Amino acid sequence: MELSKEQLLEAYDRMSKIRAFEDRLHKENTTGEIPGFIHLYAGEEAIAVGVCEHLGRADYIASTHRGHGHCIAKGCDIRGMMLEIYGRKEGLCHGKGGSMHIADLSVGMLGANGIVGGGPPITIGAALTAKYRGEGAVAVSFTGDGGSNHGFTLESLNMAVVLNLPMVFVFENNGMGEATGTDYAVGADSIAHRAGSFGMPAVTVDGTDFFAVYNAAGEAIDRARSGGGPSVIEATAFRFYGHFEGDPGLYRTPEQLQEVKDTKDPLKIFRENVAGSIEPSELDAIDEANTELVDSSVTEAKAAPVPDISDVDSDVYVSY
Ligand SMILES: Cc1ncc(C[n+]2csc(CCOP(=O)(O)OP(=O)(O)O)c2C)c(N)n1
């Protein structure tokens, strides 16, 4: 699929925003000012962006505990996310969700999720809504390799086929669920083959290569939009930080991690792929602007008020 220069710059900008956000949180988390657990998405940027570049606001996604990248790729406001992660009143969820529960229904982001494998069943509901409304919207779930083993993920795969839903299941295979290797925990030769055996097209792509993800996602999302039913994409990548911030990461050596950063960095790979059509200085300027954006959002979040005591029982139940 051909992309214009404008589209390429937008894709790089989204990936660069995710990287700047996650690198900064890695530093900020050590200050002790951020409540709750944080799981960083650095290293997996090309998956969220390669998929979400095909989606509009009317489309839905559901995310994981490692959700910042999905939020940014779907268009959540960086400042609102940072305030949320710091537990501030003006955060996207009024400071009551934090990192693992960021949601913004106005951009079709149905939520990060502390329940591993929680995204697919939620997305089935959204896809059913989309099908009945008949407006051409699609729903995409992001799930890890660990989450691919959950019973409700497998039920969702079956239901999507049975109901012929406009849905794409994206499995982010970063080789590990916490400290357990995918090759140990997944009892099949491939997540894509197993998921596809429920009766839908399934492919495995290099999730460090934006273009590989973008092309596979384009095909799957077009199929879903035009009534052709669900698909599976397994995207392989590597996470650059620990499972959670504070994880000593003893399951891989510093040398192994460095090699991954040198050879499997989605931003570097993107830069190599566009060399000749985009000047490195244009991409450097995007990185700089995003570092500044994240800087100012951290400054603002630190100074912002936390929710009032009287807010404790609001946003708990939906009023119908
Ligand atoms: C239902 C459920 N089981 C277990 C956990 C604890 N847990 C949190 S993250 C995680 C690993 C998830 O691995 P994976 O799905 O591969 O995602 P990754 O962390 O690699 O992005 C586990 C077991 C949980 N949050 N929810």
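The following exchange examines a cavity and two helix contacts in a predicted model.

Trainee: How many cavities of 30 Å³ or more does the count give?

Mentor: A probe the size of a water molecule, rolled over the atoms, shows where empty space is left. With 30 Å³ as the lower limit, the count comes to one cavity.

Trainee: What is the volume of the largest cavity, and which strand gives the largest share of its lining?

Mentor: The lining of the largest cavity includes S63, T64, H65, N113, F142, T143 and G144. The volume of this cavity is about 60 Å³. Three lining residues, the largest share, come from residues 139-144, which form strand β2.

Trainee: How do the lining residues of the largest cavity divide into nonpolar, polar and charged?

Mentor: Among the lining residues are I115, V116 and F142, together with glycines such as G117, G118 and G119. Glycine is counted as polar here. The division is therefore three nonpolar, nine polar and no charged.

Trainee: Is helix α1 roughly parallel or roughly antiparallel to helix α4?

Mentor: Helix α1 (residues 5-28) and helix α4 (residues 78-85) have axes 12 Å apart and pack at an angle of about 25°. Angles under 35 degrees count as roughly parallel. Therefore α1 is roughly parallel to α4.

Trainee: Which residues of α1 meet α4, and how many residues of the contact are charged?

Mentor: On the α4 side, the contact holds I78, M81, M82 and I85, and these meet K17, F21 and L25 of α1. By class, the contact has six nonpolar residues, no polar residues and, as charged, one.

Trainee: Is the crossing of α2 and α9 left-handed or right-handed?

Mentor: Helix α2 (residues 45-52) and helix α9 (residues 210-225) cross at roughly 35°, and their axes come within 8 Å. A46, I47, V49, G50 and V51 in α2 meet F210, V213, Y214, A217 and I221 in α9. This contact has nine nonpolar residues, one polar and no charged. The crossing of α2 and α9 is right-handed.

Notes: Residues are numbered from 1 along each chain as its sequence is written. This is a predicted model: local features need pLDDT of at least 70, side-chain atom pairs count only at pLDDT 80 or more; totals for chains, interfaces and linings use all residues. Side-chain values use heavy atoms; hydrogens and water are left out. On a 1 Å grid over the protein atoms alone, a cavity is a set of points where a 1.4 Å probe fits but cannot get out, and a pocket is an open set with protein on both sides within 12 Å along at least five of seven lines; lining residues have an atom within 4 Å of a point. Grid points are joined across faces, edges and corners, and a volume is the space filled by probe spheres set on the points. Helices (H or I, at least four residues) and strands (E, at least two) are DSSP runs, numbered from the N terminus. Axes are lines fitted to C-alpha atoms, for helices over the stretch in contact, and angles run from 0 to 180 degrees between N-to-C directions. Angles under 35 degrees count as roughly parallel, over 145 as roughly antiparallel, 65 to 115 as roughly perpendicular and the rest as oblique. Contact means heavy atoms within 4.5 Å. A crossing is left-handed if the near helix is turned anticlockwise from the far one by less than a right angle, and right-handed if clockwise.
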